[in-house]
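Welcome to a short set of worked exercises. Take a moment with the model, then try each task before you read its solution.

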Amino acid sequence: MRILSDQKFEINHAFEVVHDDDMVSWFRSAVTKPGAPGYDTNRYFLWCTFSVLAPYRRRGIARSHLPVLLELMDRDGCRTVTMESEEESGHAFMRWLGAEKKLEGAENRLHIPDVDWAMMQRWIDEGAKGSPETNLEVYDDHIPDALLEEFAPQLSALLNTMPWDDLDHGDIVETPEFLRHEYERMDLAGQRHHTVLTREPNGVISGITDMNWAPHRPKILEQMFTGVRPDSRGRGIGKWIKATCSTACTGSTPTRSGSRPGTPTPTGRCWRSTRGWASSGTAGAPSIRSAATSWPSGWRFWSKRSVRAARFARAASRR
Ligand SMILES: CC(C)(COP(=O)(O)OP(=O)(O)OC[C@H]1O[C@@H](n2cnc3c(N)ncnc32)[C@H](O)[C@@H]1OP(=O)(O)O)[C@@H](O)C(=O)NCCC(=O)NCCS
């Protein structure tokens with residue numbers, strides 16, 4: 001079964017394998033659309049993921065997706081496929097496919113009632129004290145439209161400082177149009193967005209963090225991006241913006257209406273991958289002492305179309 005979806009900047013495909021009305025497997029892929037921001041450096045990369053319901057595994061269902069994968073790569077002129085998995089079965093499957101492990105990450109979760117709010121307040125105070133010339137800006141919504149022209153390139157610059165291990169990748173290019181589209185999608189999903197940034201006296205944005213909350217997952221706050229410019233690191237800006245944003249978010253979700261702003265929800269939690277809340281020792285991100293829990297790590301694999309074509313074709317046809 002083929003499912004169609006129309007995204008503004010990506011070509012997406014979705015397929016499902018159905019058995020007796022049950023969806024036993026799904027397949028999703030994404031590639032940058034011609035003309036989209038960053039198309040020139042991202043056009044050769046196809047991202048894909050698929051999953052098979054546990055009782056239906058080891059019957060060749062995932063293998064049966066491979067001809068579709070090859071067709072999509074050829075159709076859009078992609079040379080490299082990137083896949084990711086947090087499960088050993090997925091890692092084994094990708095090794096079987098001949099893909100190479102290129103990036104490893106962990107998702108860290110923080111139980112909000114365990115947050116040391118006195119420490120957060122210290123981070124806020126010390127951040128302001130350590131950078132007296134720097135302004136803190138708090139947006140309890142998306143970044144206002146009038147600011148997007150100057151915000152988008154500065155966000156792109158910060159996003160492109162993220163570590164990628166050995167993963168080949170294109171540039172991240174955020175534009176006002178792209179951000180408006182993202183915000184529209186967040187609004188459609190009922191998400192509440194909070195952004196905190198720091199601005200230097202010369203107008204340069206030195207740090208950005210954003211989080212979102214949605215009514216369909218009321219106990220989870222999602223940490224989105226956090227980045228501090230390399231020339232502004234080591235001044236406590238990461239801790240300053242994260243503590244400010246966490247305080248703003250936990251004080252504003254409807255689940256907490258009636259409680260004192262700044263007090264965490266009794267059962268709330270916050271989660272994020274390697275790029276956000278980090279267990280101690282990760283450069284550029286603050287650690288939330290004792291409260292951060294690491295989930296099993298996710299690995300990203302990639303495989304070159306040119307190198308793997310014969311292997312893919314053999315794998316797809318073997319029963
Ligand atoms: C990974 C996954 C999609 C494989 O689905 P599947 O239908 O069982 O895979 P297939 O039957 O087509 O397996 C093809 C080959 O992959 C390898 N493989 C698949 N699962 C494996 C496992 N658990 N352990 C070792 N090898 C495995 C085998 O070599 C297998 O061939 P064989 O059965 O002839 O030995 C499935 O286990 C899954 O949904 N895992 C969780 C989601 C996930 O990690 N997805 C990652 C893909 S992006």
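In what follows, Ala, Val, Leu, Ile, Met, Phe, Trp, Tyr, Cys and Pro count as nonpolar, Asp, Glu, Lys and Arg as charged, and the others, Gly among them, as polar. This is a predicted model: local features need pLDDT of at least 70, side-chain atom pairs count only at pLDDT 80 or more, and totals for chains, interfaces and linings use all residues. Residues are numbered from 1 along each chain as its sequence is written.

**Exercise 1.** Describe the shell around the ligand.

Step one: sort the residues of the shell, which gives eight nonpolar, six polar and five charged. Step two: pick out those that come nearest, namely Arg57, Ala62, Ser85, Gly90 and Ala92, of 19 around the ligand (near means a C-beta atom, placed from the backbone, within 6 Å). Step three: find the largest share, the five residues from helix 3 (helices are DSSP runs of H or I, at least four residues, and strands runs of E, at least two, numbered from the N terminus).

**Exercise 2.** Compare the expected and actual span of helix 6.

Step one: the expected span is 1.5 Å times one less than the number of residues. Step two: for the 13 residues of helix 6 (176–188) this should be 18 Å. Step three: the end C-alpha atoms are 18 Å apart, which agrees. Finally, look past helix 6: glycine 190 follows, with a positive phi near 75 degrees.

**Exercise 3.** Which residues of helix 4 meet helix 7?

From helix 4 they are Met120, Trp123, Ile124, Gly127 and Ala128 (contact means C-beta atoms, placed from the backbone, within 7 Å).

How values were computed:
Contact = placed C-beta atoms within 7 Å.
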